[in-house]
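This report describes how two helices meet and then turns to a few backbone details in loops. Please keep the sequence and the structure in view while reading.

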Amino acid sequence: MDKININRWANFILQHPNGNIFQSPEFYNLYIKYSKYEPIVVYTEDDDSFTGMLLAVIQKEHSGIIGRLSARSIIIGGPIIKNNDPRYLHEIMAKYFDTIKGKVIYTQFRNLWDWSDLKSVFETYKFKYEEHLDILIDLTDVNKIEQGISKNKKRNIIKSQNKGLIFREIQTEKEYHEGINLILSTYKKIGLPCPSKEYFELSYKEFSPSGLLKIFGAFIEDRLIGVRMELIFKDKIYDWYAGADEKMSNKYPNDFLIYNILMWGNENEFRVFDFGGAGKPNVPYGVRDHKLKFSNNLVEFGRFEYIHKPCFFKFGKIGLKFYKLINDIRK
(Lines give C-alpha, C1' and ligand atoms only; values in the text may rest on other atoms or scores of the structure.)
Protein backbone atom coordinates (compact mmCIF):
# COMPACT_ATOMS: atom_id res chain seq x y z
CA MET A 1 0.00 0.00 0.00
CA ASP A 2 1.21 3.51 -0.81
CA LYS A 3 1.87 5.71 2.18
CA ILE A 4 -1.50 6.98 3.37
CA ASN A 5 -2.57 9.25 6.19
CA ILE A 6 -4.53 6.85 8.43
CA ASN A 7 -6.25 9.62 10.40
CA ARG A 8 -7.36 11.28 7.20
CA TRP A 9 -8.67 7.96 5.90
CA ALA A 10 -10.57 7.30 9.14
CA ASN A 11 -12.13 10.78 9.11
CA PHE A 12 -13.17 10.44 5.47
CA ILE A 13 -15.01 7.20 6.21
CA LEU A 14 -16.48 8.52 9.45
CA GLN A 15 -17.86 11.71 7.92
CA HIS A 16 -19.19 10.25 4.67
CA PRO A 17 -22.93 9.29 4.72
CA ASN A 18 -22.06 5.88 3.25
CA GLY A 19 -18.97 5.36 5.39
CA ASN A 20 -18.95 1.93 7.03
CA ILE A 21 -16.69 -0.30 9.07
CA PHE A 22 -15.79 -2.56 6.14
CA GLN A 23 -14.01 0.36 4.44
CA SER A 24 -12.19 1.49 7.57
CA PRO A 25 -8.49 1.39 8.46
CA GLU A 26 -9.37 -1.04 11.25
CA PHE A 27 -10.55 -3.63 8.74
CA TYR A 28 -7.37 -3.09 6.72
CA ASN A 29 -5.37 -3.89 9.87
CA LEU A 30 -7.37 -7.07 10.35
CA TYR A 31 -6.95 -8.19 6.74
CA ILE A 32 -3.22 -7.56 6.62
CA LYS A 33 -2.59 -9.64 9.74
CA TYR A 34 -4.69 -12.60 8.62
CA SER A 35 -2.54 -15.10 6.76
CA LYS A 36 -5.20 -16.06 4.19
CA TYR A 37 -6.15 -12.53 3.12
CA GLU A 38 -4.39 -9.81 1.17
CA PRO A 39 -5.87 -6.30 1.43
CA ILE A 40 -5.80 -3.86 -1.47
CA VAL A 41 -6.27 -0.13 -0.83
CA VAL A 42 -7.01 2.25 -3.67
CA TYR A 43 -7.66 5.94 -3.17
CA THR A 44 -7.83 9.16 -5.14
CA GLU A 45 -7.45 12.68 -3.84
CA ASP A 46 -7.40 16.35 -4.71
CA ASP A 47 -5.37 19.04 -2.99
CA ASP A 48 -7.07 18.92 0.38
CA SER A 49 -9.17 15.74 0.68
CA PHE A 50 -9.83 12.23 -0.53
CA THR A 51 -12.17 11.95 -3.50
CA GLY A 52 -12.46 8.18 -3.39
CA MET A 53 -11.53 5.26 -1.15
CA LEU A 54 -11.75 1.53 -1.82
CA LEU A 55 -10.66 -1.31 0.44
CA ALA A 56 -10.71 -4.73 -1.21
CA VAL A 57 -9.55 -8.07 0.13
CA ILE A 58 -8.11 -10.86 -1.98
CA GLN A 59 -9.32 -14.20 -0.68
CA LYS A 60 -8.06 -17.67 -1.59
CA GLU A 61 -9.49 -21.00 -0.53
CA HIS A 62 -6.15 -22.78 -0.67
CA SER A 63 -2.48 -22.26 -1.53
CA GLY A 64 -0.75 -23.28 -4.74
CA ILE A 65 -2.63 -23.88 -7.98
CA ILE A 66 -6.01 -24.24 -6.25
CA GLY A 67 -5.38 -20.93 -4.53
CA ARG A 68 -4.64 -19.14 -7.79
CA LEU A 69 -7.79 -20.58 -9.32
CA SER A 70 -9.91 -19.42 -6.38
CA ALA A 71 -8.41 -15.95 -5.88
CA ARG A 72 -11.11 -13.31 -5.85
CA SER A 73 -11.34 -9.70 -4.77
CA ILE A 74 -14.22 -8.84 -2.45
CA ILE A 75 -15.28 -5.27 -1.70
CA ILE A 76 -17.88 -4.84 1.03
CA GLY A 77 -19.52 -1.42 1.31
CA GLY A 78 -17.28 0.34 -1.16
CA PRO A 79 -16.09 2.36 -2.83
CA ILE A 80 -16.70 5.53 -0.81
CA ILE A 81 -16.92 8.46 -3.23
CA LYS A 82 -16.84 12.17 -2.38
CA ASN A 83 -20.27 13.71 -3.02
CA ASN A 84 -21.10 10.50 -4.93
CA ASP A 85 -19.66 12.25 -7.97
CA PRO A 86 -19.45 9.93 -11.04
CA ARG A 87 -16.17 11.55 -12.07
CA TYR A 88 -14.53 10.38 -8.87
CA LEU A 89 -16.05 6.93 -9.22
CA HIS A 90 -14.50 6.66 -12.69
CA GLU A 91 -11.13 7.65 -11.25
CA ILE A 92 -11.23 5.13 -8.42
CA MET A 93 -12.41 2.31 -10.72
CA ALA A 94 -9.66 2.98 -13.25
CA LYS A 95 -7.05 2.95 -10.51
CA TYR A 96 -8.52 -0.24 -9.03
CA PHE A 97 -8.27 -2.07 -12.35
CA ASP A 98 -4.63 -1.04 -12.70
CA THR A 99 -3.89 -2.26 -9.16
CA ILE A 100 -5.73 -5.58 -9.30
CA LYS A 101 -4.49 -6.61 -12.76
CA GLY A 102 -3.30 -10.22 -12.86
CA LYS A 103 -4.03 -10.89 -9.18
CA VAL A 104 -7.55 -12.36 -9.16
CA ILE A 105 -10.03 -14.35 -11.21
CA TYR A 106 -13.00 -12.09 -10.42
CA THR A 107 -14.07 -9.03 -8.45
CA GLN A 108 -17.29 -8.72 -6.49
CA PHE A 109 -18.76 -5.57 -4.94
CA ARG A 110 -21.17 -6.38 -2.09
CA ASN A 111 -23.30 -3.28 -1.85
CA LEU A 112 -24.62 -1.77 1.37
CA TRP A 113 -26.74 0.92 -0.28
CA ASP A 114 -28.56 1.67 -3.53
CA TRP A 115 -26.20 2.40 -6.44
CA SER A 116 -28.93 3.14 -9.01
CA ASP A 117 -27.69 6.67 -9.73
CA LEU A 118 -24.16 5.45 -10.47
CA LYS A 119 -24.90 2.02 -11.90
CA SER A 120 -23.97 3.19 -15.40
CA VAL A 121 -20.38 3.76 -14.25
CA PHE A 122 -20.05 0.12 -13.21
CA GLU A 123 -21.59 -0.90 -16.54
CA THR A 124 -18.93 1.16 -18.32
CA TYR A 125 -16.34 -1.10 -16.71
CA LYS A 126 -18.31 -4.19 -17.83
CA PHE A 127 -19.57 -5.17 -14.39
CA LYS A 128 -22.59 -7.44 -14.29
CA TYR A 129 -25.29 -6.58 -11.79
CA GLU A 130 -26.89 -9.35 -9.76
CA GLU A 131 -29.85 -8.90 -7.45
CA HIS A 132 -29.12 -9.64 -3.82
CA LEU A 133 -31.19 -9.00 -0.71
CA ASP A 134 -30.46 -7.60 2.72
CA ILE A 135 -32.62 -6.97 5.79
CA LEU A 136 -32.42 -3.70 7.70
CA ILE A 137 -34.20 -3.27 11.02
CA ASP A 138 -35.14 0.16 12.38
CA LEU A 139 -33.92 0.35 15.98
CA THR A 140 -35.35 3.75 16.83
CA ASP A 141 -38.82 2.56 17.85
CA VAL A 142 -39.13 -0.34 20.28
CA ASN A 143 -42.80 -0.85 19.34
CA LYS A 144 -41.87 -1.31 15.68
CA ILE A 145 -39.20 -3.83 16.67
CA GLU A 146 -41.78 -5.83 18.65
CA GLN A 147 -44.32 -5.64 15.82
CA GLY A 148 -41.80 -6.98 13.31
CA ILE A 149 -41.20 -10.21 15.24
CA SER A 150 -43.42 -13.17 14.35
CA LYS A 151 -45.65 -14.84 16.92
CA ASN A 152 -43.60 -18.04 16.63
CA LYS A 153 -40.36 -16.22 17.43
CA LYS A 154 -41.98 -14.41 20.34
CA ARG A 155 -43.06 -17.76 21.79
CA ASN A 156 -39.52 -19.09 21.40
CA ILE A 157 -38.09 -16.04 23.18
CA ILE A 158 -40.50 -16.45 26.10
CA LYS A 159 -39.58 -20.14 26.33
CA SER A 160 -35.88 -19.19 26.38
CA GLN A 161 -36.48 -16.78 29.24
CA ASN A 162 -38.53 -19.33 31.15
CA LYS A 163 -35.74 -21.90 30.74
CA GLY A 164 -33.30 -19.54 32.43
CA LEU A 165 -31.26 -18.15 29.55
CA ILE A 166 -29.11 -15.17 30.47
CA PHE A 167 -28.10 -12.48 27.98
CA ARG A 168 -24.83 -10.65 28.45
CA GLU A 169 -21.61 -9.65 26.75
CA ILE A 170 -18.70 -12.06 26.65
CA GLN A 171 -16.42 -11.10 29.53
CA THR A 172 -13.28 -13.24 29.30
CA GLU A 173 -10.94 -14.58 26.66
CA LYS A 174 -11.97 -18.09 27.72
CA GLU A 175 -15.60 -17.30 26.92
CA TYR A 176 -14.54 -15.74 23.63
CA HIS A 177 -12.66 -18.88 22.58
CA GLU A 178 -15.72 -20.96 23.50
CA GLY A 179 -17.76 -18.64 21.31
CA ILE A 180 -15.35 -19.06 18.39
CA ASN A 181 -15.69 -22.84 18.65
CA LEU A 182 -19.48 -22.53 18.55
CA ILE A 183 -19.26 -20.39 15.40
CA LEU A 184 -16.82 -22.73 13.64
CA SER A 185 -18.86 -25.84 14.44
CA THR A 186 -22.11 -24.16 13.36
CA TYR A 187 -20.74 -23.02 9.99
CA LYS A 188 -19.24 -26.44 9.37
CA LYS A 189 -22.56 -28.11 10.14
CA ILE A 190 -24.59 -25.90 7.78
CA GLY A 191 -21.91 -25.96 5.06
CA LEU A 192 -21.24 -22.23 4.83
CA PRO A 193 -17.71 -20.82 4.29
CA CYS A 194 -16.09 -19.41 7.40
CA PRO A 195 -12.65 -17.97 8.22
CA SER A 196 -10.35 -19.89 10.53
CA LYS A 197 -9.92 -19.49 14.27
CA GLU A 198 -6.97 -17.18 13.61
CA TYR A 199 -9.28 -14.63 11.96
CA PHE A 200 -11.57 -14.41 14.98
CA GLU A 201 -8.68 -14.17 17.41
CA LEU A 202 -7.28 -11.25 15.40
CA SER A 203 -10.74 -9.64 15.26
CA TYR A 204 -10.96 -9.73 19.04
CA LYS A 205 -7.57 -8.04 19.43
CA GLU A 206 -8.18 -5.43 16.72
CA PHE A 207 -11.79 -4.42 17.36
CA SER A 208 -12.77 -5.09 20.97
CA PRO A 209 -10.57 -2.47 22.73
CA SER A 210 -12.10 0.35 20.66
CA GLY A 211 -15.68 -0.95 20.98
CA LEU A 212 -16.03 -1.81 17.29
CA LEU A 213 -16.86 -5.41 18.17
CA LYS A 214 -19.46 -6.57 20.65
CA ILE A 215 -19.80 -10.28 21.43
CA PHE A 216 -23.06 -11.28 23.05
CA GLY A 217 -23.71 -14.65 24.63
CA ALA A 218 -26.69 -16.74 25.69
CA PHE A 219 -25.83 -18.55 28.91
CA ILE A 220 -27.35 -21.29 31.03
CA GLU A 221 -25.79 -20.34 34.35
CA ASP A 222 -22.09 -20.18 33.35
CA ARG A 223 -22.40 -22.33 30.23
CA LEU A 224 -22.25 -20.53 26.89
CA ILE A 225 -24.76 -22.07 24.45
CA GLY A 226 -25.06 -19.33 21.82
CA VAL A 227 -23.01 -16.40 20.59
CA ARG A 228 -23.35 -13.51 18.15
CA MET A 229 -20.61 -11.17 16.99
CA GLU A 230 -21.77 -7.65 16.13
CA LEU A 231 -19.77 -4.91 14.43
CA ILE A 232 -20.46 -1.43 15.77
CA PHE A 233 -19.87 1.65 13.63
CA LYS A 234 -21.46 5.10 13.87
CA ASP A 235 -25.20 4.54 14.35
CA LYS A 236 -25.33 1.01 12.93
CA ILE A 237 -24.98 -2.54 14.20
CA TYR A 238 -23.79 -5.09 11.62
CA ASP A 239 -24.69 -8.70 12.36
CA TRP A 240 -21.44 -10.55 11.62
CA TYR A 241 -21.02 -14.17 12.81
CA ALA A 242 -23.12 -16.44 15.00
CA GLY A 243 -23.01 -19.91 16.48
CA ALA A 244 -24.96 -22.09 18.87
CA ASP A 245 -24.77 -25.44 20.60
CA GLU A 246 -27.03 -27.69 18.53
CA LYS A 247 -27.70 -29.85 21.60
CA MET A 248 -29.38 -26.80 23.17
CA SER A 249 -31.62 -25.91 20.23
CA ASN A 250 -34.73 -26.56 22.36
CA LYS A 251 -33.75 -23.47 24.39
CA TYR A 252 -33.75 -21.28 21.24
CA PRO A 253 -30.50 -19.39 21.89
CA ASN A 254 -30.44 -17.84 18.40
CA ASP A 255 -33.88 -16.26 18.70
CA PHE A 256 -33.13 -15.18 22.26
CA LEU A 257 -29.89 -13.47 21.23
CA ILE A 258 -31.29 -11.61 18.24
CA TYR A 259 -34.20 -10.23 20.26
CA ASN A 260 -31.98 -9.03 23.08
CA ILE A 261 -29.45 -7.47 20.69
CA LEU A 262 -32.25 -5.51 19.01
CA MET A 263 -33.39 -4.29 22.43
CA TRP A 264 -29.80 -3.44 23.36
CA GLY A 265 -29.43 -1.47 20.13
CA ASN A 266 -32.58 0.51 20.87
CA GLU A 267 -31.53 1.25 24.45
CA ASN A 268 -28.11 2.45 23.29
CA GLU A 269 -29.63 4.72 20.62
CA PHE A 270 -28.42 2.94 17.51
CA ARG A 271 -30.46 3.61 14.39
CA VAL A 272 -30.16 0.49 12.21
CA PHE A 273 -29.48 -3.22 12.65
CA ASP A 274 -28.07 -4.62 9.42
CA PHE A 275 -29.08 -8.28 9.48
CA GLY A 276 -26.81 -9.13 6.58
CA GLY A 277 -27.28 -11.10 3.39
CA ALA A 278 -30.65 -12.62 2.57
CA GLY A 279 -29.81 -14.33 -0.72
CA LYS A 280 -31.21 -13.80 -4.18
CA PRO A 281 -34.86 -12.92 -4.84
CA ASN A 282 -37.09 -15.85 -5.81
CA VAL A 283 -34.41 -18.37 -4.82
CA PRO A 284 -35.25 -20.43 -1.70
CA TYR A 285 -32.94 -19.57 1.20
CA GLY A 286 -33.53 -20.84 4.72
CA VAL A 287 -31.42 -18.12 6.33
CA ARG A 288 -33.69 -15.46 4.78
CA ASP A 289 -36.80 -17.25 6.02
CA HIS A 290 -35.39 -17.19 9.56
CA LYS A 291 -34.43 -13.51 9.41
CA LEU A 292 -37.78 -12.42 7.97
CA LYS A 293 -39.44 -13.59 11.18
CA PHE A 294 -37.73 -10.66 12.91
CA SER A 295 -38.45 -8.08 10.21
CA ASN A 296 -39.85 -8.02 6.69
CA ASN A 297 -37.88 -4.93 5.69
CA LEU A 298 -36.12 -6.45 2.70
CA VAL A 299 -33.91 -4.19 0.62
CA GLU A 300 -32.28 -5.01 -2.70
CA PHE A 301 -28.89 -3.35 -3.07
CA GLY A 302 -27.43 -6.10 -5.24
CA ARG A 303 -23.87 -6.92 -6.22
CA PHE A 304 -21.56 -5.99 -9.07
CA GLU A 305 -19.31 -8.70 -10.47
CA TYR A 306 -16.55 -8.67 -13.04
CA ILE A 307 -14.74 -11.78 -14.28
CA HIS A 308 -11.15 -10.86 -15.09
CA LYS A 309 -10.19 -14.29 -16.44
CA PRO A 310 -13.24 -16.12 -17.87
CA CYS A 311 -11.38 -19.31 -18.80
CA PHE A 312 -9.71 -19.55 -15.40
CA PHE A 313 -13.06 -18.80 -13.76
CA LYS A 314 -14.72 -21.77 -15.46
CA PHE A 315 -11.73 -24.03 -14.88
CA GLY A 316 -11.55 -22.92 -11.26
CA LYS A 317 -15.12 -23.98 -10.62
CA ILE A 318 -14.39 -27.43 -12.02
CA GLY A 319 -11.10 -27.66 -10.09
CA LEU A 320 -12.65 -26.71 -6.77
CA LYS A 321 -15.43 -29.27 -7.21
CA PHE A 322 -12.81 -31.94 -7.95
CA TYR A 323 -10.73 -30.86 -4.95
CA LYS A 324 -13.78 -31.08 -2.68
CA LEU A 325 -14.65 -34.52 -4.07
CA ILE A 326 -11.13 -35.82 -3.34
CA ASN A 327 -11.28 -34.45 0.20
CA ASP A 328 -14.68 -36.04 0.76
CA ILE A 329 -13.32 -39.39 -0.42
CA ARG A 330 -10.35 -39.08 1.95
CA LYS A 331 -12.71 -38.48 4.87
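In this predicted model, α8 passes α9 in a right-handed crossing, a crossing being right-handed if the near helix is turned clockwise from the far one by less than a right angle, and left-handed if anticlockwise. The residues of this contact divide into six nonpolar, three polar and three charged. From α8 (residues 173-190), E173, Y176, H177, I180, N181, I183 and L184 meet K197, F200, E201, S203 and Y204 in α9, where contact means heavy atoms within 4.5 Å. The two helices pack at an angle of about 140°, with their axes 10 Å apart, and are therefore oblique to each other (angles under 35 degrees count as roughly parallel, over 145 as roughly antiparallel, 65 to 115 as roughly perpendicular and the rest as oblique).

Residues are numbered from 1 along each chain as its sequence is written. Because the model is predicted, local features need pLDDT of at least 70, and side-chain atom pairs count only at pLDDT 80 or more, while totals for chains, interfaces and linings use all residues; side-chain values use heavy atoms, with hydrogens and water left out.

In the loops, a cis peptide bond joins G78 and P79, with omega about -5°, and P79 is found between β3 (72-76) and β4 (80-81). Two residues other than glycine have a positive phi, as tabulated.

| Residue | Phi | Loop |
|---|---|---|
| N83 | near 55° | between β4 and α4 (86-100) |
| K234 | near 55° | between β10 (223-233) and β11 (236-244) |

N83 is exposed, with a relative accessible area of 65%, whereas K234 is partly exposed at 34% (buried means under 20%, exposed over 50%, partly exposed in between, with a 1.4 Å probe and protein chains only).

Notes: Helices (H or I, at least four residues) and strands (E, at least two) are DSSP runs, numbered from the N terminus. Axes are lines fitted to C-alpha atoms, for helices over the stretch in contact, and angles run from 0 to 180 degrees between N-to-C directions. Ala, Val, Leu, Ile, Met, Phe, Trp, Tyr, Cys and Pro count as nonpolar, Asp, Glu, Lys and Arg as charged, and the others, Gly among them, as polar.
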